[in-house]
Amino acid sequence: MTYEEALGFWYGRINYEVRAAEPADLKLERMRSLLQRLGDPHERMRLIHVTGTKGKGSTAAMIASILRASGYRVGLFTSPHLEHVEERIQVNGVPIRHGELCARMVELASVVREMEAESNLGVTFFELGTALGFLHFWRRRCEVAVIEVGLGGRFDSTNVCRPLVSVITNVGFDHTAQLGNTLEAIAYQKAGIIKRSVPVVSGVEQPGPREVVRQVAAEMHAPLWERGTEFDFQCTSEKLGSTLMVRIVTPQCHYPPIALGMVGEHQAANAATAVAAIERLRDTGMPISDLAVRRGLEGVRCPARIECIGSEPTIILDSAHNVPSAEALVRTLRESFPVLGRKSVVFAVSFDKQFAEILGILARYFDYFYLTKYGNNPRSVPPEKLASLLCEQTGRKAFSVHSTATEAWNAAQAEATRNDLICITGSVFLAGELLPLLTR
């Protein structure tokens, strides 16, 4: 296969990141069959499994960074990607290379075609990517891999693994059509990654969802460590630029203040969850020093998570696409990026998100909206609909409508002064589309 043929085969699959999945679409039979035909690579390495409504990507990156600082060869599987699909599959921070992708895809393609010839088990885009990740980590002899859930947990294609520790960062409203309309129903889906007798680290705080996680853990005889009980964090009054100094507290260790490589109190909560997971790995006999914890958290980077990529004006690239993430964004911008001038946002969002609620949260902070859509993806809400909602909710007309993300960014940049702030948010797809313009 050429690189173009490999990508063509991958993108030729049903892609629920473009067309939202129905509940009946979420099942594990295809994934198990595919991996079995590949020799079950996911059973040949140590794994950490991470889910949550928000913060799961950051938490997974933190765990991987700490393990790398300890000298392990670490695989990291995340989704979605910003610019290049290879970003989803990394070994020691390096995305899978073109030649490696082609070689792995040849192996996968023969198995997928065999499956589809025998039955109607059509492998999806995400399932193929998950299998590619497991296969690549095995071929590259990863000593441990951190696996981020794509959607929910219980029926996500990553949920075929038996990890050393399961991590649930938090629970909030997102993907309600697939996961349920209550926090308890969503928590039940997230708790689906809990395996019998496998330790669980949970950052869930709301009473109802917390009780759901406790019940599932008890049913599975899985030891449970909870934020606020077994571990927690404190943000000190010190700062390094916009970075908070964070003290993480666990029964095993009271860590001295650490300067996180990412901003925002929500990232401090993610760091505490990551460290609690690391301590569960220590319980299995994996040597991980306190120095590796510090270096891993100080050096972690996660693109498009309230990422400051410019000053005068301040330019923030973000991918908040649900209510908890939007709230964390606004709180962090107030605390870490105070500006004297106008605060504007370039905004696009998917139709299966709570975009009316997200707009309401953002409207309490931003002075001006550049409303747009991302690419040709049918999931993107038309900017005219966003404009109508903004008028209905706030009565404000401090916005403009743009047919492309590039046009919206150019307008925002042209109208900004050195004391202003421009934030791009609402979707990973939007952040990925504009990232090349910003870095250029």
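## A walk through the predicted model

I306 is found in the loop between α10 (290-299) and β12. This is a predicted model, and I306 makes a good starting point for a tour of it. The backbone at I306 has a phi near 45°, a positive value in a residue other than glycine. Most residues other than glycine have a negative phi, and most peptide bonds are trans. The surroundings of I306 can be described too: with a relative accessible area of 6%, I306 counts as buried, because anything under 20% is placed in that class.

Follow the chain from I306 and you come to strand β12, which covers residues 307-310 and includes G310. G310 has a relative accessible area of 18%, so it is buried, given that the limit for that class is under 20%. G310 also has a partner to look for elsewhere in the chain: its C-alpha atom and that of I422 are separated by 9.4 Å, although the two residues are 112 residues apart along the chain.

Beyond β12 comes a loop that leads to β13 (314-317), and P313 lies in it. Look at the peptide bond from E312 to P313: this bond is cis, with omega near 0°. Another cis peptide bond can be found between S79 and P80, where omega is about -10°. P80 sits in the loop between β2 (74-77) and β3 (89-91).

On the other side of β3, the loop that runs to β4 (94-95) holds N92. Here again is a positive phi in a residue other than glycine, near 50°. What is the exposure class of N92? With a relative accessible area of 29%, N92 is partly exposed, because this class takes in values between 20% and 50%.

Now let us turn to the helices. Helix α4 spans residues 98-118 and helix α5 spans residues 125-139; their axes come within 10 Å and cross at roughly 120°. The two helices are therefore oblique to each other, and α4 passes α5 in a right-handed crossing. To see where they touch, pick out E100, L101, R104, M105, E107, L108 and V112 in α4, which meet L128, A131, L132, L135, H136 and R139 in α5. Sorted by class, the residues of this contact are 8 nonpolar, 1 polar and 4 charged.

Helix α5 also takes part in a meeting of aromatic rings. How many aromatic pairs does a search of the whole structure find? The search finds 7. One of them joins W10 and F125 in a stacked arrangement, with 5.5 Å from centre to centre and 25° between the planes. W10 belongs to helix α1 (residues 3-11) and F125 to helix α5, so this pair ties together parts that are 115 residues apart in sequence. Both partners are worth checking for exposure: W10 is buried, with a relative accessible area of 1%, and F125, at 1% relative accessibility, counts as buried as well. Ring pairs also bring in Y11, linking W10, Y11 and F125 into a cluster.

Another pair of helices to visit is α7 and α8. Helix α8 covers residues 207-219, and it packs with α7 at an angle of about 35°, with the axes 8 Å apart. Their crossing is right-handed. In α7, the residues L183, E184, A187 and Y188 meet G208, P209, V212 and V216 in α8. By class, this contact has 6 nonpolar, 1 polar and 1 charged residues.

While you are at α7, which covers residues 183-190, find Q189 within it. Is Q189 buried or exposed? At a relative accessible area of 14%, Q189 is buried. Leaving aside residues up to four places away in sequence, Q189 touches G152, G153, R154, F155 and L179.

The last stop is P382, placed in the loop between β15 (368-371) and α13 (383-394). P382 is partly exposed, with a relative accessible area of 43%. From P382 you can look across to S427: the two are 45 residues apart in sequence and 14 Å apart in space, C-alpha to C-alpha.

Definitions and conventions
Residues numbered from 1 in each chain as written. Predicted model: local features only at pLDDT ≥ 70, side-chain atom pairs only at ≥ 80, totals over all residues. Heavy atoms only, no water. Helix = DSSP H or I, 4+ residues; strand = E, 2+ residues; numbered from the N terminus. Buried < 20%, exposed > 50% of the residue type's maximum accessible area, 1.4 Å probe, protein only. Axes fitted to C-alpha atoms, helices over the stretch in contact; angles between N-to-C directions. Parallel < 35°, antiparallel > 145°, perpendicular 65-115°, else oblique. Left-handed = near helix turned anticlockwise from the far one by under 90°. Contact = heavy atoms within 4.5 Å. Nonpolar A, V, L, I, M, F, W, Y, C, P; charged D, E, K, R; others polar. Phe/Tyr/Trp six-rings, centres within 6.5 Å; stacked < 30°, edge-to-face > 60°.
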